[in-house]
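User: Good morning. I should like to go through a structure with you, step by step. May I show it first?

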Amino acid sequence: MKGKELLAQLHEAASSPKKQLEKYLAQGKKVVAVAPVYTPNEIIHSMGLVPMGVWGADVEINEAKKYFPAFICSIMQTALELGIKGEYDGVSAIVIPSLCDSLKCLGQNWKYAVKNIPFIPMTYPQNRKPDYGKKFTKAGYARVISDLTIATGAQFSEFALAESIKVYNEHNAVMREFAEIAADADITAAARNDVFKSAWFMLPEEHTAIVKKLNEALKAGPKAKGKLRVLVTGILADSPSLLKIFDENGVKVVFDDVAHESRQYRTDVPDMENPVDAMAQKFADMGNCTLLYDPDKNRVDYIVEQAKAHKADGVIVLMTKFCDPEEFDYVPIKRACAAAGLKHLNIEVDRQMVNYQQAATMVQAFKEMF
Amino acid sequence: MFTLGIDIGSTTSKAVILKDGREIVSSSIVIATVGTDGVSRAIDHVLEESGLTKEDIAGTVATGYGRQTYEGADFQVSELTCHALGVHHVCPDAGTVIDIGGQDAKVLSLNGQGRMVNFVMNDKCAAGTGRFLDVMANILKLDISQLEVEAAKAVNVVNISSTCTVFAESEVISQLAAGTDIPDLVAGICQSVATRVASLARRVGIKEQVFMSGGVARNAGVRNAMAKELGVEIQYHPMAQLMGALGASLYAFDKKK
């Protein structure tokens with residue numbers, strides 16, 4: 001299959017999650033929704049369930065306003081809105097982690113607003129690296145396993161988890177390879193996003209098979225020329241209107257530090273005797289993310305290092321509106337970019353954007369600076 | 001060589017014709033914008049004033065909010081780049097440009113060669129823009145041009161919210177009900193715009209000289225409040241509102257020479 005056809009397949013999955021849900025349900029599988037940003041998908045998968053991402057959508061918020069204040073992340077608000085409106089009907093449960101204050105609110109609100117889809121909390125420790133932190137993480141996994149069994153009847157086994165870990169680690173590797181190949185390949189920002197977004201709505205083994213072929217096709221295909229090379233950072237970068245602006249202005253995403261994209265695939269589950277211990281170790285090993293406690297703010301240096309490694313001309317920060325953790329990180333990122341001689345652009349984004357004129361002007365002006 | 005710059009803003013259409021990238025031959029400001037005959041009127045006016053025809057124009061650049069809608073341009077360039085070029089032309093030592101237009105505010109940082117090296121734009125909000133002043137002038141039953149005169153008479157400047165036009169509007173109505181003097185209110189309104197945009201400017205970093213462009217720059221009340229807020233002298237040019245069109249014309253010259 002040619003690269004274009006593979007991308008079309010991934011675009012279809014990325015743009016029609018409902019169809020994907022119906023497909024899996026028709027196959028007799030049970031689907032578990034997973035909220036941003038990190039959930040133990042390996043565990044869900046090992047229990048024979050299909051984890052599917054729930055990152056909201058670009059829709060008008062009406063019902064969710066009964067539960068949320070106005071000044072809160074629109075990813076959370078639209079996820080709840082879709083839940084209330086029955087868009088996720090058929091899903092057996094939703095796992096919502098405790099990684100930020102807004103997510104904690106989403107979990108609590110979900111419990112009351114979407115009664116037909118049980119809420120399963122995944123409570124992570126703030127200090128994830130020490131032994132007591134890993135023990136806490138394991139307790140969180142135990143709660144998820146227990147609640148999944150209650151919600152779906154599915155059983156957990158360490159053997160199955162070890163197998164699922166292999167599947168996920170392979171997917172991670174393939175996605176990392178894709179990110180590297182896409183840095184130079186002639187692929188649009190929109191198509192690049194489709195590859196990441198579709199992963200949230202497909203079983204990892206199915207997605208791996210397609211992306212493997214795509215990587216080969218992209219390797220053999222033409223390289224991008226004459227583009228402004230940028231590293232994109234933020235929580236989410238899936239707005240078709242915004243990605244179109246990138247493409248129209250010749251802005252090429254050569255790497256990302258986006259929570260919805262590459263941040264998911266950086267860390268593998270290590271090879272350990274007990275797979276649950278290994279899962280907790282993976283969480284401990286993760287880093288360079290706004291939502292993972294790091295007093296040294298290593299993410300800042302990581303962004304600059306990756307921008308240089310991928311020969312980026314500049315950095316585009318897609319600032320999710322009302323995301324306090326990302327806003328706290330912005331100042332050191334801005335300073336680090338300036339110190340490294342990297343031009344940067346900050347665009348505020350949310351799920352409620354209708355008019356992209358200002359973003360278009362900013363992107364065009366950014367390009368004109370080079 | 002004659003070049004034409006057209007700045008299609010959110011409330012006005014501006015046009016400038018330059019000769020050889022140096023001499024301003026004619027300029028026009030029409031209070032009408034995208035979707036109206038404002039752009040063609042501005043162009044007709046500069047052609048008529050200069051005695052030129054469309055055929056005499058070697059290059060045309062469109063900028064501003066409506067730049068993509070004007071089909072007669074050779075290039076469409078962002079208003080940020082054009083303001084940087086225009087301001088550098090009239091004020092070569094400008095290090096910071098504060099452009100407050102009808103619908104948004106921008107702050108540009110320029111290097112020594114007049115090249116934009118960084119910028120910020122306001123968020124999606126009318127506070128700190130020309131629209132804010134329009135709304136307030138309307139409540140006070142004043143023409144927008146009277147704000148400057150009234151602000152100069154202020155004795156006790158009233159503090160007005162700089163975070164939201166709607167909140168500020170109700171604050172102004174409350175102050176009117178309480179019998180506050182109009183000049184004190186107007187000065188507070190100008191101060192509100194300056195406070196809002198100054199916080200934007202600090203994000204980029206203030207590098208002297210600081211130049212104000214855009215329609216709001218014509219208002220000395222806002223300019224003075226901005227100078228006080230930032231603690232620097234504000235540079236101004238009578239053609240401040242035309243900096244985008246001037247920059248567009250300069251860009252056209254640069255591309256066609």
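User: Which residues have the most contacts inside the largest nonpolar core?

Analyst: Please keep in mind that this is a predicted model. The residues with the most contacts inside the largest nonpolar core are A:Val32, A:Ile94, A:Val95 and B:Ile6, and that core has 200 residues.

User: Which element gives the largest share of this core?

Analyst: Helix α6 of chain B, residues 182–204, gives the largest share, with ten residues. Both domain 1 (1–91 + 239–257) and domain 2 (93–236) of chain B contribute residues, so the core lies between them. As background, nonpolar side chains in soluble globular proteins tend to be buried together.

User: What does A:Val32 touch, leaving out residues up to four places away in sequence?

Analyst: A:Val32 touches A:Ile44, A:Leu49, A:Val50, A:Pro51, A:Val91, A:Ser92, A:Ala93, A:Val95 and A:Leu148. One of these, A:Val95, is also listed with A:Val32 among the residues with the most contacts inside the core.

User: Back to the domains of chain B. How far apart are their centres?

Analyst: The centres of domain 1 and domain 2 of chain B, taken over C-alpha atoms, are separated by 25 Å. In the contact between them, domain 1 of chain B supplies 16 residues and domain 2 of chain B supplies 25 residues.

User: Which helix gives the largest share of the domain 1 side?

Analyst: That is helix α2 of chain B, residues 79–90, which provides seven residues of the side of domain 1 that touches domain 2. By type, this side of domain 1 of chain B has eight nonpolar, eight polar and no charged residues.

User: And between the chains? How many residues does each chain give to the contact?

Analyst: Chain A gives nine residues and chain B gives 13 residues. On the chain A side, the largest share is seven residues from helix α14 of chain A, residues 357–368. The chain A side divides into three nonpolar, four polar and two charged residues.

User: New topic: the sheet in chain B. What is the order of the strands in the open sheet of five?

Analyst: The order is β8-β7-β6-β9-β10 in chain B, and the pairing is mixed. At the edges are β8 (116–121) and β10 of chain B, each of which pairs on one side only.

User: How do β6(B) and β9(B) pair, parallel or antiparallel?

Analyst: β6(B) and β9(B) pair in the parallel sense, over four bridges. For example, B:Ile98 has B:Met212 in β9(B) as its bridge partner. In general, strands of a sheet pair through backbone hydrogen bonds.

User: Does anything lie against that sheet? Which elements cover the buried residues of α7(B), for instance?

Analyst: The cover includes β6 (96–100), α4 (146–152), α6, β9 (210–213) and β10 (234–235) of chain B. Helix α7 of chain B covers residues 220–230, and its buried residues are B:Gly221, B:Val222, B:Arg223, B:Ala225, B:Met226 and B:Glu229.

User: What follows α7(B)?

Analyst: B:Gly231 follows α7(B), and the phi of B:Gly231 is positive, near 70°.

User: Let us turn to A:Asp247. Where is A:Asp247 found?

Analyst: A:Asp247 is in helix α10 of chain A, residues 240–248. A:Asp247 has 17 C-beta neighbours inside 10 Å, so it counts as partly exposed. Its contacts, apart from neighbours within four places in sequence, are A:Thr188, A:Ala189 and A:Ala190.

User: How far apart are A:Asp247 and A:Ile187 in sequence and in space?

Analyst: They are 60 residues apart in sequence and 9.6 Å apart in space, C-alpha to C-alpha.

User: Finally, the chains as wholes. How many helices and strands are there in chain A?

Analyst: Chain A has 14 helices and eight strands. The radius of gyration of chain A is 20 Å, close to the 21 Å from the globule rule for 370 residues, so chain A is as compact as a globular protein of that length. Of the 370 residues in chain A, 51% are buried.

User: And how many helices and strands are there in chain B?

Analyst: Chain B has eight helices and ten strands. With 257 residues, a compact globule would have a radius of gyration near 18 Å, and the 18 Å of chain B agrees with this. Buried residues account for 52% of the 257 residues of chain B. The C-alpha trace of chain B spans about 60 × 40 × 30 Å along its principal axes.

Notes
Residues numbered from 1 in each chain as written. Chains lettered and ligands numbered in written order. Predicted model: local features only at pLDDT ≥ 70, side-chain atom pairs only at ≥ 80, totals over all residues. Domains from an automatic or database assignment. Contact = placed C-beta atoms within 7 Å. Helix = DSSP H or I, 4+ residues; strand = E, 2+ residues; numbered from the N terminus. Nonpolar A, V, L, I, M, F, W, Y, C, P; charged D, E, K, R; others polar. Rg over C-alpha atoms; globule rule 2.2 N^0.38 Å. Buried ≥ 20, exposed ≤ 12 C-beta atoms within 10 Å, placed from the backbone. Core = buried A, V, L, I, M, F, W, Y, C linked by C-beta atoms within 7 Å. Pairing = 2+ DSSP bridges.
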